[in-house]
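Please open the structure in your viewer and keep the selection tool at hand, since this tour goes from one stop to the next and says what to look for at each.

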There are 2 protein chains.
Amino acid sequence: MPHPKTMRAVVFDGELALREDYPVPDFGPGWARIRIKKAGICQTDLEIMKGYMGFTGVLGHEFVGIVEACDDSDWIGKRVVGDINASCGECEWCKSGLGRHCPSRTTLGIDRLDGCMADFCVLPVRNLLEVPAAISDNRAVLTEPLAAACEILEQLRIEHSHKCVVLGDGRLGILCAWVLITTGADVTLLGHHPDKLETAAWRHLKCITRLDEIQNRADIVVDATGSAQGLKDAMQICRPRGTIVLKSTVASKEAINLAPLVIDEVTLLGSRCGQFSDALAIMQTYPDMPLERLISARYPIEQARVAFDKALYGKPLKVTVEF
Amino acid sequence: MPHPKTMRAVVFDGELALREDYPVPDFGPGWARIRIKKAGICQTDLEIMKGYMGFTGVLGHEFVGIVEACDDSDWIGKRVVGDINASCGECEWCKSGLGRHCPSRTTLGIDRLDGCMADFCVLPVRNLLEVPAAISDNRAVLTEPLAAACEILEQLRIEHSHKCVVLGDGRLGILCAWVLITTGADVTLLGHHPDKLETAAWRHLKCITRLDEIQNRADIVVDATGSAQGLKDAMQICRPRGTIVLKSTVASKEAINLAPLVIDEVTLLGSRCGQFSDALAIMQTYPDMPLERLISARYPIEQARVAFDKALYGKPLKVTVEF
């Protein structure tokens with residue numbers, strides 16, 4: 001049976017459209033083509049639809065799928081997730097294991113590389129990780145955002161005695177709180193949505209709704225609010241010489257007075273993608289981490305427009321599209 | 001001879017005035033009164049005159065002077081500089097040697113404590129350091145800003161292989177560049193004032209005037225510009241996973257897009273006052289560090305208004321007032 005030449009794909013080119021006739025992507029040596037099983041809609045997809053990165057093409061960078069074509073036949077048929085940064089493999093960043101900072105990288109569904117909200121996507125084989133059988137598709141599709149949360153642990157040493165506060169009860173905020181909980185630290189999640197905070201309850205995580213409930217200033221504050229107010233609140237509750245982890249790339253339209261950072265000698269740490277292997281490891285170590293709860297709604301690819309409307313207007317935790 | 005009850009003082013109470021009849025400050029146990037020899041005008045003084053910290057009282061926090069009264073007679077007659085943060089001495093910050101972050105601290109000439117732009121000021125004895133005889137008054141008066149530059153070395157490990165860029169050719173930028181030079185790292189100072197860059201020339205410091213002269217992105221960028229543009233430039237030239245040291249407390253009136261910090265996972269490190277002992281040590285170790293060059297103009301206290309006008313409008317490196 002000849003391979004299909006076209007596929008279904010959610011394409012953004014100024015407008016969002018579900019195309020039935022999008023070309024199936026070709027790939028070169030060292031790359032693989034993956035048949036998508038599930039894809040997640042991320043806040044970044046919604047930002048792209050407002051012009052972020054000037055991206056046009058197939059959206060999507062969160063997926064779990066099956067390798068369908070690849071020079072290395074060992075990979076074919078394997079269930080995989082994949083790092084979204086397609087790096088050169090040659091530069092100093094790539095050689096030091098930090099390909100996600102490679103200056104010539106393209107990024108799945110974000111920067112010059114068609115994404116995974118389609119029947120197929122392509123990625124370098126070195127980006128792929130086989131998903132252990134014990135991890136369901138509904139967990140594996142969250143590997144990318146969970147890796148972004150794990151990145152905090154790679155950048156920062158969290159101690160048992162640390163008091164951590166995560167600002168923002170969206171999916172990234174909740175994932176950051178859960179990852180911090182695994183360190184044994186004292187973790188509080190501050191959000192404004194009682195239903196999301198209920199979803200977030202896990203182990204010894206404390207969930208609160210008001211900033212003034214925080215009695216003592218925190219050693220580590222994670223800002224996952226996606227708003228300028230988040231950084232202002234973080235500066236207010238972070239102790240002198242503490243650390244604020246900045247997880248949001250949403251540009252502020254208002255001026256922020258950074259003088260408190262200087263006066264309190266706070267470290268503001270930008271934090272982005274993480275290692276997929278760390279996310280898979282944490283899923284295996286903590287099978288009780290209730291990742292599935294984060295999936296608020298699932299839609300078949302035919303209803304992709306409805307799925308995006310839900311993600312845009314329904315303020316859900318995570319919407320997935322299934323193939 | 002009875003001690004005078006009044007003194008000359010540069011007072012800000014919404015307007016700047018040289019008062020001849022300001023009360024000589026009293027002091028309690030554990031404090032000392034210092035007769036000021038020289039005081040420096042700092043950018044912070046000029047910011048206070050625009051409303052920063054809501055401070056009213058005697059301005060000034062950079063000085064060298066002679067201990068004139070103190071319970072501990074050993075101190076009397078000694079030439080001293082003094083840490084500007086009058087901390088409680090009891091809290092966890094004070095006990096860990098970080099009294100400059102004590103939450104109940106007052107600050108000389110900045111926060112609820114009359115400053116040193118007067119015949120006398122008072123400080124806790126534990127804030128005082130005797131100035132070694134080899135260090136002239138014209139060097140000692142720069143202890144506070146030099147300590148602020150030294151703070152970078154306390155917060156951050158600088159390696160020989162590091163490429164450092166300092167943005168801003170004001171006195172703090174130049175002092176930061178000089179302190180970084182002592183580590184053996186590759187240091188470039190970027191400024192827009194050829195005369196100040198000429199003043200800054202010392203050892204292997206490279207001085208440039210255009211951002212595009214920077215070929216490779218830097219490991220460490222110090223923003224001492226005091227402007228919002230400085231942080232924007234810093235984000236542009238700092239390498240992924242590099243560090244930006246933020247030295248300016250000047251509030252930006254425009255929005256800054258911090259997304260590059262997140263994308264490049266840059267660490268933004270707020271940095272303020274440093275240890276006076278470090279500054280005195282560096283002056284002794286590097287007697288050729290041309291600190292005196294930073295003093296652009298000297299005025300007697302009677303001409304304090306002229307000195308402040310010079311500092312406000314003349315864009316000098318450092319103006320001192322002498323008693």
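Is A:Thr243 buried or exposed? Before you decide, bear in mind that the model is predicted, and that a residue is called buried when its relative accessible area is under 20%. A:Thr243 has a relative accessible area of 12%, so A:Thr243 is buried.

Stop one: around A:Thr243

Select residues 238-246 of chain A, which form strand β16, and you will find A:Thr243 within that strand. Now add A:Ile220 to the selection: A:Ile220 and A:Thr243 are 23 residues apart in sequence, yet their C-alpha atoms are 4.9 Å apart in space. If neighbours within four places in sequence are set aside, A:Thr243 is in contact with A:Leu156, A:Asp219, A:Ile220, A:Val221, A:Cys238, A:Thr267 and A:Leu269.

Stop two: chain A as a whole

Next, select all of chain A, in which there are 10 helices and 19 strands. If you turn the chain along its principal axes, its C-alpha atoms fill a box of roughly 65 × 40 × 40 Å. The radius of gyration of chain A is 20 Å, which agrees with the value near 20 Å that a compact globule of 323 residues would have. Buried residues make up 61% of the 323 residues in this chain, and its accessible surface comes to about 13000 Å², of which 50% belongs to carbon and sulfur atoms. Among the contacts in chain A that join residues at least 6 apart in sequence, 66% are between residues at least 24 apart.

Stop three: helix α5

Select residues 171-181 of chain A, which make up helix α5. Of the 11 residues in this helix, 10 are buried, so helix α5 is largely enclosed by the rest of the structure. To see this in the viewer, colour the buried residues of α5(A), among them A:Arg171, A:Cys176, A:Trp178 and A:Ile181.

Stop four: B:Trp93 and chain A

Now move to chain B and select residues 92-95, the helix α2 in which B:Trp93 has its place. B:Trp93 counts as buried because its relative accessibility is 12%. When neighbours within four places in sequence are left aside, the contacts of B:Trp93 include A:Arg239 and A:Pro240 from chain A, as well as B:Leu98, B:His101 and B:Pro103 from chain B. For a distance across chain B, add B:Pro316, which is 223 residues from B:Trp93 in sequence and 36 Å from it in space, C-alpha to C-alpha.

Stop five: B:Lys206

Select residues 206-208 of chain B, where strand β14 contains B:Lys206. B:Lys206 is partly exposed, with a relative accessible area of 40%. Beyond its neighbours within four places in sequence, B:Lys206 is in contact with B:Asp186, B:Val187, B:Thr188 and B:Leu189. From B:Lys206 to B:Gly115 the C-alpha distance is 36 Å, with their positions 91 residues apart in sequence.

Stop six: the cavity

How many cavities of 30 Å³ or more does a search of the whole structure find? The search finds 1 such cavity, and the largest cavity has a volume of about 40 Å³. To locate the largest cavity, select A:Ile256, A:Leu258, B:Glu254, B:Ile256 and B:Leu258, the residues that line it. By class, this lining has 4 nonpolar residues, 1 charged residue and no polar residues.

How values were computed
Residues are numbered from 1 along each chain as its sequence is written. Chains are lettered from A and ligands numbered from 1 in the order in which they are written. This is a predicted model: local features need pLDDT of at least 70, side-chain atom pairs count only at pLDDT 80 or more; totals for chains, interfaces and linings use all residues. Side-chain values use heavy atoms; hydrogens and water are left out. On a 1 Å grid over the protein atoms alone, a cavity is a set of points where a 1.4 Å probe fits but cannot get out, and a pocket is an open set with protein on both sides within 12 Å along at least five of seven lines; lining residues have an atom within 4 Å of a point. Grid points are joined across faces, edges and corners, and a volume is the space filled by probe spheres set on the points. Ala, Val, Leu, Ile, Met, Phe, Trp, Tyr, Cys and Pro count as nonpolar, Asp, Glu, Lys and Arg as charged, and the others, Gly among them, as polar. Helices (H or I, at least four residues) and strands (E, at least two) are DSSP runs, numbered from the N terminus. The radius of gyration is taken over C-alpha atoms; the globule rule is 2.2 Å times the number of residues to the power 0.38. Buried means under 20% relative accessible area, exposed over 50%, partly exposed in between (1.4 Å probe, protein chains only). Contact means heavy atoms within 4.5 Å. Accessible areas come from the Shrake-Rupley method with a 1.4 Å probe; for residues, only the protein chains shown count as cover.
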